[in-house]
Amino acid sequence: MTPLLQVRDVAKFYGGRIGCTGVSFDLYPGEVMGIVGESGSGKSTLLNCLAGHLPPDDGQVIFDTRADGPVDTVTMSEPARRMLGRTDWAFVHQHAREGLRMGVSAGGNIGERLMAVGARHYGDIRHSAEDWLGRVEIDTGRIDDRPTQFSGGMQQRLQIARNLVTGPRLVFMDEPTGGLDVSVQARLLDLLRGLVREMGLSALIVTHDLAVVRLLADRLMVMKDGHVVETGLTDQVLDDPQHGYTQLLVSSVLQV
Ligand code: ADP
Ligand code: MG
């Protein structure tokens, strides 16, 4: 099977400071990989390099595109990368407002993504938007409301609907449950787990919350100071961590 994503020696520096370095791994279709580590360990930097939001200083990111098969997204043209962002990729931000258009209705937020991949029929778009609002447990009667009228948890669920409506091949998530109340987090996590299973999603999920990866991720990558220090199956890494840093992380000695 061709990997969906082949990451080879990716590095990003901010001046003299390491963002991430020497990161290599493969992600196969249908796999969910968790990226964990304390704050400042390079998780977001890596995710943004892989999702085409930041240019890495070194390395290759080979993504198996729907249209043309495996392509290095680092060296591809900016318009081609932007197209991937609208078609094959989805990106769920920690703060919903970064991933939503706050001045556009809930239905419009979902419909816009469909139109970006060629949907034109108003009735079909409206119907898909209603369907997706239901799937993320938002009352369809609120389809014409703006995200500003929604709670934080609802905004995050709308962002997820907007991202998944087009059936992306790869979903990037940066702290998808971060910044929400604990009870809201639990519900969102449950919802995400259902969607991951139902849709067989391939995803990279950055989080400092081990409960999130325990529930969602097949495999884990542990980062420290921009380096990957341990990788493995989620249960294996969490139940029998090999690296000293992972042991600290798992035993909650580190405040992450
Ligand atoms: P994480 O997401 O794990 O908290 P980041 O990827 O945000 O970590 O940060 C990794 C390192 O890169 C940290 O030392 C951070 O201070 C640094 N860094 C991140 N973004 C920038 C930036 N825009 N400019 C300079 N340094 C940055
Ligand atoms: Mg981060």
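## Exercises: strands, sheets and a bound ligand

The side chains of D26 and R8 form a salt bridge, with 2.9 Å from N to O; a salt bridge is a side-chain nitrogen of Lys or Arg within 4 Å of a carboxyl oxygen of Asp or Glu. D26 belongs to strand β2 and R8 to strand β1 (residues 5-14), so the pair ties together parts that are 18 residues apart in sequence. Helices (H or I, at least four residues) and strands (E, at least two) are DSSP runs, numbered from the N terminus.

This is a predicted model, in which local features need pLDDT of at least 70, side-chain atom pairs count only at pLDDT 80 or more, and totals for chains, interfaces and linings use all residues. Residues are numbered from 1 along each chain as its sequence is written, chains are lettered from A and ligands numbered from 1 in the order in which they are written, and side-chain values use heavy atoms, with hydrogens and water left out.

**Exercise 1. Find the sheet that contains β1 and β2, and work out which strands stand at its edges.**

Step 1: Look for the strand order. An open sheet of four strands runs β2-β1-β4-β5, with antiparallel pairing. Two strands pair if DSSP finds at least two bridges between them.

Step 2: Go to the ends of that order. β2 and β5 (69-72) each have a single partner strand, so one side of each is left without a neighbour in the sheet. From one strand to the next, the twist averages 20°. Such angles run from 0 to 180 degrees between N-to-C directions, with axes fitted as lines to C-alpha atoms.

Step 3: Zoom in on one pair. β1 joins strand β4 (residues 58-65) through five bridges in the antiparallel sense. Within β4, V61 is the bridge partner of V7.

**Exercise 2. Trace the sheet of six strands and describe how its strands pair.**

Step 1: Write down the order. It is β6-β7-β8-β3-β9-β10, an open sheet with mixed pairing. At the edges stand β6 (89-92) and β10 (227-233), each with a single partner strand, so one side of each is left without a neighbour in the sheet.

Step 2: Start from β6. With strand β7 (residues 170-174), β6 pairs in the parallel sense over four bridges. Find W89 and you can spot its bridge partner L170 in β7.

Step 3: Move to β3. Strand β3 (residues 32-36) runs parallel to strand β9 (residues 219-224), and four bridges join them. I35 has M221 in β9 as its bridge partner.

Step 4: Finish at β10. β9 and β10 pair in the antiparallel sense over six bridges, and M223 has V228 in β10 as its bridge partner. These two strands form a hairpin with two residues between them, and D225 in the turn has a positive phi of about 50°.

**Exercise 3. Which residues surround ligand 1, and which polar atoms come up to its oxygen atoms?**

Step 1: List the shell, counting a residue if one of its heavy atoms lies within 4 Å of the ligand. The residues are Y14, R17, I18, G19, E38, S39, G40, S41, G42, K43, S44 and T45.

Step 2: Check the distances. A polar side-chain atom of T45 lies 2.5 Å from an oxygen atom of ligand 1. For R17, an N or O atom in the side chain is 3.0 Å from a ligand oxygen. For G42, a polar backbone atom is 3.1 Å from a ligand oxygen.

Methods: A polar contact is a pair of N or O atoms within 3.5 Å; within protein, one must be able to donate a hydrogen and the other to accept it, and residues adjacent in sequence count only if both atoms are side-chain atoms.
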